[in-house]
Amino acid sequence: MRAVPLVAALLLILAVAAGSGREATAAPVRDEDVLAVASQLRCVVCQNLSVADSPSEMAQQMRGLIRERLASGDRPEQVMDYFVQRYGEWVLLAPPARGLNLLLWLAPFGAVVAGLAMVLMLSRRWRRRPAPLESAPTPAVGPAERERLAAELERLGD
Amino acid sequence: MKVRARWLIPLAALPLVGLLAYGFRTDPRAVPSPLVGRPAPDFELTAFDGKALSLQGYRGKVLVLNFWASWCYPACYEEAPVLEDAWRRSGGQGVVVLGVAIQDKEPASKEFIQRFGLTFPNAPDPDGKVSIDYGVYGVPETFVIDRRGMIRRKHVGAVTEAVFREWVEPLLRESAASGGARPVPGVADRPDDRRPQAS
């Protein structure tokens, strides 16, 4: 008899748990998916921060919008497109590799190649230069210096 | 060979210096909007006084859509009287002004409206949807939308009388010369679009 309220309470807890569980699955967009898109977008009110990293209200609203669009069935690329149409390619943290942007993508590799070529050229030139002599010829002391040295030594002796 | 090498290094650095000189002189916040020349995104807002506002309701008029915030000092404080003045001068005919308070607290926005005695419609954008739809990245930003619902100009920073003279008033004449507003295909097909425009 006393078990009845206990069972009822258990059932209630289970029901609440099931209810909250259903609520969680009703929002099928995972945080990771939202952040995956947000981390590729520039926070428009910051400098050099992604929408994922910025604590600003605008970035927060953008994350909300990304979640909403993903929930409505948009693919991540479509969500990115939505932002590009409004903010331009500027909003992408990684500019697409085409057109003039290719320069941006290839320049670092070009710089590495140029640097390597320079190191190679210099090292070859340095190796070609003769090693310094074991005993470098000491500068010759002329008679004038010899005389002056003697005179000064003599003055010190006084 | 040696002489050439000596000049080669500064010569190679020259384009880089040029690029930096150009880059550092541009404002990192002044980003051209891809929306200029395109149909204005539709919006639905509820004004602070409860009135429903939408882009459709502004068809046939030159709309000055201004995004502001009460914490945006001094630019928003400078432009508020200019906007109000323009609104009063047109009397809701021809040029209309609509303010959208973004990233703001409602009491603060209302205080701002009261402080400047703004009589043109103003609405909050609580989830930022309208401002993101318009690619807004700061306040104040102002869009000039022509009678056909096309964005013709985006102005970043405080709106001045000169902005109205140069970018808003010509749109009034232009539309009148072409014999009234023509609806944008697929965007609006409302009967009042065909009504000849006054003024």
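**Figure 1. B:Glu161 counts as partly exposed, at 32% relative accessibility.** Here, partly exposed is the range between buried (under 20% relative accessible area) and exposed (over 50%), with a 1.4 Å probe and protein chains only. The model is a predicted one: local features need pLDDT of at least 70, side-chain atom pairs count only at pLDDT 80 or more, totals for chains, interfaces and linings use all residues, and side-chain values use heavy atoms, with hydrogens and water left out. To find your way around, residues are numbered from 1 along each chain as its sequence is written, while chains are lettered from A and ligands numbered from 1 in the order in which they are written. The side chain of B:Glu161 meets that of B:Arg89 in a salt bridge of 3.4 Å, N to O. Such a bridge needs a side-chain nitrogen of Lys or Arg within 4 Å of a carboxyl oxygen of Asp or Glu. B:Arg89 sits in helix 2 (residues 75–90) of chain B and B:Glu161 in helix 5 (residues 161–177) of chain B, so the pair ties together parts that are 72 residues apart in sequence. Helices (H or I, at least four residues) and strands (E, at least two) are DSSP runs, numbered from the N terminus.

**Figure 2. B:Asp146 and B:Arg148 share a salt bridge in chain B.** Their side chains come to 3.7 Å, N to O. Buried or partly exposed: how does B:Asp146 count? B:Asp146 is buried, with a relative accessible area of 3%. Its partner B:Arg148, by contrast, counts as partly exposed at 36% relative accessibility.

**Figure 3. B:Asn122 is a buried residue of strand 5 in chain B.** The strand covers residues 122–124, and the relative accessibility of B:Asn122 is 4%. Which side chain does B:Asn122 join in a polar contact? The partner is B:Trp68, at 2.8 Å. A polar contact is a pair of N or O atoms within 3.5 Å; within protein, one must be able to donate a hydrogen and the other to accept it, and residues adjacent in sequence count only if both atoms are side-chain atoms. Leaving aside residues up to four places away in sequence, B:Asn122 touches B:Ala47, B:Phe48, B:Trp68, B:Gly99, B:Val100 and B:Ile113. Touching, or contact, means heavy atoms within 4.5 Å.

**Figure 4. Chain B combines five helices and seven strands.** Follow the sequence and you will meet the pattern α-β-β-β-α-β-α-β-α-β-β-α. Of the 199 residues in chain B, 46% are buried. Among contacts in chain B with a separation of 6 or more, 72% come from residues 24 or more positions apart. Chain B exposes about 10,900 Å², with carbon and sulfur atoms supplying 59% of it; areas of this kind come from the Shrake-Rupley method with a 1.4 Å probe, and for residues only the protein chains shown count as cover.

**Figure 5. Chain A holds six helices and zero strands.** Its elements run α-α-α-α-α-α from the N terminus on. Buried residues account for 21% of the 158 residues in chain A. Residues 24 or more positions apart give 41% of the contacts in chain A with a separation of 6 or more. The accessible surface of chain A is about 12,200 Å², and 64% of that belongs to carbon and sulfur atoms.

**Figure 6. A:Ala52 occupies the loop between helix 2 (31–38) and helix 3 of chain A.** A:Ala52 is partly exposed, with a relative accessible area of 21%. Not counting residues up to four places away in sequence, A:Ala52 touches A:Leu35, A:Ala38, A:Ser39 and A:Arg63. From A:Ala52 to A:Arg42 the C-alpha to C-alpha distance is 8.7 Å, for a pair ten residues apart in sequence.

**Figure 7. Charged side chains of chain A pair up in salt bridges.** A:Arg69 bridges to A:Asp74, with the closest N and O atoms 3.5 Å apart. A:Arg69 is partly exposed, at a relative accessible area of 29%. Elsewhere, A:Arg30, A:Glu32 and A:Asp33 are linked in a salt-bridge network. Over all chains, the structure holds 16 salt bridges.

**Figure 8. Chain A meets chain B through 18 residues of chain A and 21 residues of chain B.** The area buried between them is about 1,700 Å², of which carbon and sulfur atoms give 53%; buried area is the accessible area (1.4 Å probe) that two parts lose on being put together, summed over both. In chain A, A:Gln61, A:Arg86 and A:Tyr87 lose the most area to chain B, together 32% of what that side buries. How many salt bridges are there between chain A and chain B? The count is two. B:Lys129 forms a salt bridge with A:Glu68, where the closest N and O atoms are 2.8 Å apart. Six residue pairs (both at pLDDT 80 or more) are in polar contact across the interface. Helix 3 (57–71) and helix 4 (76–87) of chain A each supply at least two residues of the side of chain A that touches chain B.
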